[in-house]
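Thanks for sending this one over. My notes are below, as numbered points.

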Amino acid sequence: MIGRMTKVAATATAAGMILAALAGCAANEETPGDGKGSGSPAAKLSGTIDGAGASSQSAAQEAWRGGFAKLQSDVVINYDPTGSGTGREQFTEGGVAFVGTDAPFSLDDVAAGFGSCADGSGLVEVPVYISPIVVAFNLDGITELNLAPKTIADIFLGKIAKWNDPAITADNPGVNLPDTNVAAVHRADKSGTTENFTDWLAANAKDAWPHEPAEEWPVSGGEAAEKTQGVVATVTSTPGAVGYVDAGQASGLGWAAIKVGGAWVSASPEGAAKAVGESSLQEGRADTDVVYDLNRTTEAAGAYPLILVSYLGACEKYKDAEQGKLVAGYFQYVTSEDGQAAAAANAGSAPLTSEEGLSAKVSSAVASIG
Amino acid sequence: MAVLAVLAGVLIFLAVEGGPAVFYKQGALPAHATSFWQLAGPLAFGSLWVAVIALAFAAPPAIGVALAATVYAPNQRFGRLLAAVLDLLAAVPSVVFGLWGLMILAPLMGPVDAWLGRYLPWLPFFAGPPSPTGRTVLTAGLVVAVMILPIMAAMCRETFALTPTTLMEAGLALGATRWEMVRWAVLPGARSGMVAGAMLGFGRALGETMAVAMVLSPTPFLVSVNVISSDNPATIAAFIASTFPESRGKQVGALIGLGLVLFGVSLLISVIGRRIGRKAVPA
Amino acid sequence: MSVTALPMGGGHTGPGSDFAADAAVPPMLKTSGPSLWRRAKNRLAAVAVVAAVAVTAIPLVSMIWTAVARGSQRLDLALFTNSMYGVVGQGGGLLHALTGTVLITAATATISVPLGLAAAIYLTEYGRGQLAALTRRAVDVMVSIPSIVAGLAAYALFSMILGPGTRSGLAGAVALSIIMVPVVVRSSEEVLAMVPGDLREAGLALGAPRYRVIRRIVLPTALPGLTSGAVLGVARIIGETAPLLLVAGFTDAMNYNLADGRMATLPVFIYSQWSSKGLDAAAYDQRAWAGALVLMALVVVLQVLARALPPQIAKLRRNR
């Protein structure tokens, strides 16, 4: 009795298929006939691998996948920026071949093993995306301010109401600060940026900041916004607003220089890489599991320890060896000088290659894949 | 029967994955909640509150537009044009409403909030302190109001159009002004349709996700009727959307449990709505 | 609607009658010409109606203006011939998202239309007793399922079968079907109920079995209305974002396979272009708004079709 309508619906589906087929492959996805990359030194690879995870990496992933497509035109790499939490879960279940995550796997997770990995295979985890987090503000005509960690803590706790508060003016002689209300904007969603920001506050403003580091903003109340772009849009449209965002997204706003040791340091890729270099590896992890205990209180000259480090995770040995080859190729590109430069150009991140010790550890870990 | 199976399926999947969350303790729950209901209660309030505001803003213009398209329309062409415009408004996807609310409406609402906080602070709704960004429950309610307006107007339009022409003409012939004719001949008979439209709109408003998530500045666990401050109650749907990506394991279960609560709330509302609708028409 | 409920019923015959002074009589019946006050109220109501139209138009105009102003730079050919795969910064297109939207929507319609229509036929043609009442109640309940809950249900279903974290276009279609089925049931039921009973009885009187009457007489008669109901149902779900974000995932490459792997759709494309930008933020914003324009245009086309199709189908059938 439903034959006719089923037929109509089936026709609609078929029409959709035909439409799609007519449209053909997207113009930018056509693979060149000989498939030879531009002087790629690596062996020719082909296949598809899926990754998922941190949305903080998405602009960098875009750059890496774009760059890798030029080297290995027959490889398709997907990256779904679902978020670190779901990304880790999917990798654990074997749904994706690699994962991007703002928070490394716990040792318990590592011991429990991963879905795509061969039995007994270890985890390869390397920092690939190092980005300064900027305390960005919207004050007419002011592009830079000195803000001490305690001042930043008080701003985000709602204890500083006006921009011409003595705590701010004391650190900024010569700057004419307005009587504008301070509107501190935090992330409404769970995020790695919030965790890194609160971690930095907890380490640097112990007395003023009573909360533990957390992915969810720990203070009740205040202005909240969805995603980095929500914070950026809110700060941009509101005079007197201030928020913490990935440096790559804060270009139109004023930036706070933070106090490191005795000096004021502005966010820069070099300073971020330097802060990673000043940090030590987390203990109890395998050589291939390059995870840092970030040294938030470093006093090294020029280091900017308010940073986000995002990792890529993969198996040492895959159940499917072909997959292993693809992941190895991709990770080698991502951690190479070219890959890091591409990410810096599109996402404003810090090339990890600028720190020699770091770079060496990462390449030896990546070399163990496959 | 197939429909029954689908519905049963929906309930079973939700209950199996989300049901146990009711008993979760701190640690397994998002936002450091100590019990499931500590989280769900205020969120349910937030959802209802946004929906109430949206309904309050959407109902008068929806009825007005529906009247314009039927009784007040100079000719049929105009009525049809208006219906098409409403359909166009209904066609705007919710993310676009979110972008518009965040980038265009919220900055405009900042001064409005400040004005309300200054001159009407004795009303609990405008207790303030006013939000400087305009990303308040008031703004979110307005955005959702625009989103549910077309469906409500369409329902009202349909029922207004059902008013017998003879009845309307009789009213006018008796010397009634056009408004009196509407008041005595059109509105009473359309009451159940208007209530149904309002309930449908309310249901949509309850479940609206992306637009609210993008526009509202939420504070979990907060229950407050203050509509102009930076601290606003969060809604279930928006909370799920913004917490889901970074959740795993039991926390996902807790979010599905929240979905179940939202389902329950909107079911309750639709049952109440049907009661009102039935009472409105004396049989 | 009951006429007796109206105050103007009940034997008052108009101006000049003996009851003209009765306080229960509506004001319009008291005097022969509207008083100043009544005319003022009438004028006020007219102004309010015009204001309502204006208030409704403002956000629409503002939204379209914003979308055109911010998205029109990218309404070029490349937008429709490229995906986002391998695109860094400027350029790229939304072919992958458009394809995904078309496929997922078609799959949703393929699931929902037969299901919804079957339920509607059952309710109008066979439905008696408790089961029918239960089904009708179930449809009412389904109408009130919020879209994000539909997404969660599909997520729960696919996690149970295929393990957590599965994403596919099919899962998206299942989620959207939960929203679309009750819409189809409601609209089909209305249309089927409008088929004259005489037609059915004539068929039955000729000795045709019930299912044949439905197939040969009821459905063909109702076809134009059924089609437009289905198209409007599609328009209802095509702009859904949240459930697709949960279960269909996101990719920037083409994917024609509903059953396997992530599939981009226009609403998710718009959201992701806005939410994760590179250094050249303007390029992402333009793509997002251009995507919004394309999606809105698509729905307008669907709605025009829903209005234009029924007469066309009716004409075709007559000519056959």
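1. Which residue of β9(A) does Leu147(A) stand opposite? The partner is Ile258(A). A caution before going on: this is a predicted model, where local features need pLDDT of at least 70, side-chain atom pairs count only at pLDDT 80 or more, and totals for chains, interfaces and linings use all residues. Residues are numbered from 1 along each chain as its sequence is written, while chains are lettered from A and ligands numbered from 1 in the order in which they are written.

2. That pair belongs to two parallel strands of chain A, β5 (residues 144–147) and β9 (residues 254–260), joined by 4 bridges. Strands pair if DSSP finds at least two bridges between them. On β5(A), Leu145(A) and Leu147(A) make up the covered face, whereas Glu144(A) and Asn146(A) lie on the uncovered one.

3. Chain A as a whole holds 12 helices and 13 strands (DSSP runs numbered from the N terminus: helices are H or I, at least four residues; strands are E, at least two). Of its 370 residues, 56% count as buried (20 or more other C-beta atoms within 10 Å of the residue's own, with C-beta atoms placed from the backbone).

4. Please look at helix α7 of chain B, residues 178–207. The end C-alpha atoms of this 30-residue helix are only 38 Å apart, short of the 44 Å that a straight helix would reach at 1.5 Å a residue (the expected span is 1.5 Å times one less than the number of residues). α7(B) bends by about 60° at Arg191(B) (the angle between axes fitted to the seven residues ending there and the seven starting there). Of the 30 residues of α7(B), 24 are buried.

Definitions and conventions. Buried ≥ 20, exposed ≤ 12 C-beta atoms within 10 Å, placed from the backbone.
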